[in-house]
Amino acid sequence: MRAEFVSDERLRLILELLTYENYLVCCVALQSGLRINDCLSLEPMQLDKKTFTVTEKKTGKKRRVRLSPQLRKELREIAGEYYVFPHRTDPCRHRTRQAVYCDIRRACKALRIKEHISPHSLRKHYAVELLQNGATLDEVKRSLNHESEFVTLLYALSDKVELQALIKNRAKKG
C-alpha cells in the first residue's frame, strides 16, 4: 500500500495524538526528509553538531542533515545511551519503524482518517514543503537523494495528485 500525502491540518492533528517520542521522530523526518528508519538510527553524538552526516540505510548514500536547535535540544533530553530513540525493551537497539507506524495508524483511526497515512507520508510532505517554499525540482531531488526526477515529481507534487484523486472519487459518487 502506498503512503499518501497528508495536508498540514491533518498532519497537525495526527502529530498531537502521537506519543512524545514518536512525535519527535516525525519532527526529525519533517525537518530532514529522512526515511523513518534513518531517523530512528540517529545516535546521541550526532546531535552535538548543527549539521551532521547520515548514511541512508536504503541507498547507502551519505546525506548532510541540519535540525533546528530546539529540536536537537528536545532530542538530547529523550536520547538513550546508544540511540536517540531507544527500543522499548533493549537500549542497545533503536525503536522500530513499526512502533512509529502503529502510533500514526492509531492517531488516524482516532481522527477517522481513512487514507493510508504512514511515516513515509512525512517524506512526501517534506518534498511538497520544499517545492512550495521555492526550491527547484533539482534541489528537492538532491535533498531526497533520489536518482530519478520522475520519482521526485511524484513526491513533490503529491499534494496535487492526492487532490485530483479525491475530486475524481467524489465526482464518481455524485
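This tour visits a pocket, a helix and a buried histidine in a predicted model.

**The second largest pocket**

Begin by selecting R35, I36, N37, D38, K57, K58, R97, Q98, Y101, S118, P119 and H120, which line the second largest pocket. Three elements each give two or more residues to this lining: α3 (36-40), α5 (97-110) and α6 (119-132). The space in the second largest pocket amounts to about 260 Å³. Colour the lining by residue class to see five charged, four polar and three nonpolar residues.

**Along α6**

Next, select α6 (119-132), one of the elements already met at the pocket. The end C-alpha atoms of α6 are 21 Å apart, in agreement with the 20 Å that its 14 residues should span at 1.5 Å a residue. Now show the side chains of P119, S121, L122, R123, K124, H125, Y126, A127 and V128, which are buried residues of α6. Beyond the helix, move to G134, which follows α6 and has a positive phi, near 100°.

**H146 and its surroundings**

Continue to H146, in the loop between α7 (137-144) and α8 (149-156). Is H146 buried or exposed? With a relative accessible area of 11%, H146 counts as buried because this value is under the 20% cut-off. Leaving aside residues up to four places away in sequence, display what H146 touches: K61, R123, K141, V151, T152 and Y155. One of these, R123, also belongs to the buried residues of α6. Finally, draw the distance between the side chains of H146 and T152, which are joined by a polar contact of 2.9 Å.

How values were computed:
Residues numbered from 1 in each chain as written. Predicted model: local features only at pLDDT ≥ 70, side-chain atom pairs only at ≥ 80, totals over all residues. Heavy atoms only, no water. 1 Å grid on protein atoms, 1.4 Å probe; cavity = no way out; pocket = protein on both sides within 12 Å on 5 of 7 lines; lining within 4 Å. Points joined across faces, edges and corners; volume = space filled by probe spheres on them. Helix = DSSP H or I, 4+ residues; strand = E, 2+ residues; numbered from the N terminus. Nonpolar A, V, L, I, M, F, W, Y, C, P; charged D, E, K, R; others polar. Buried < 20%, exposed > 50% of the residue type's maximum accessible area, 1.4 Å probe, protein only. Polar contact = N/O pair within 3.5 Å; in protein donor to acceptor, adjacent residues only side chain to side chain. Contact = heavy atoms within 4.5 Å. Expected span 1.5 Å × (residues − 1).
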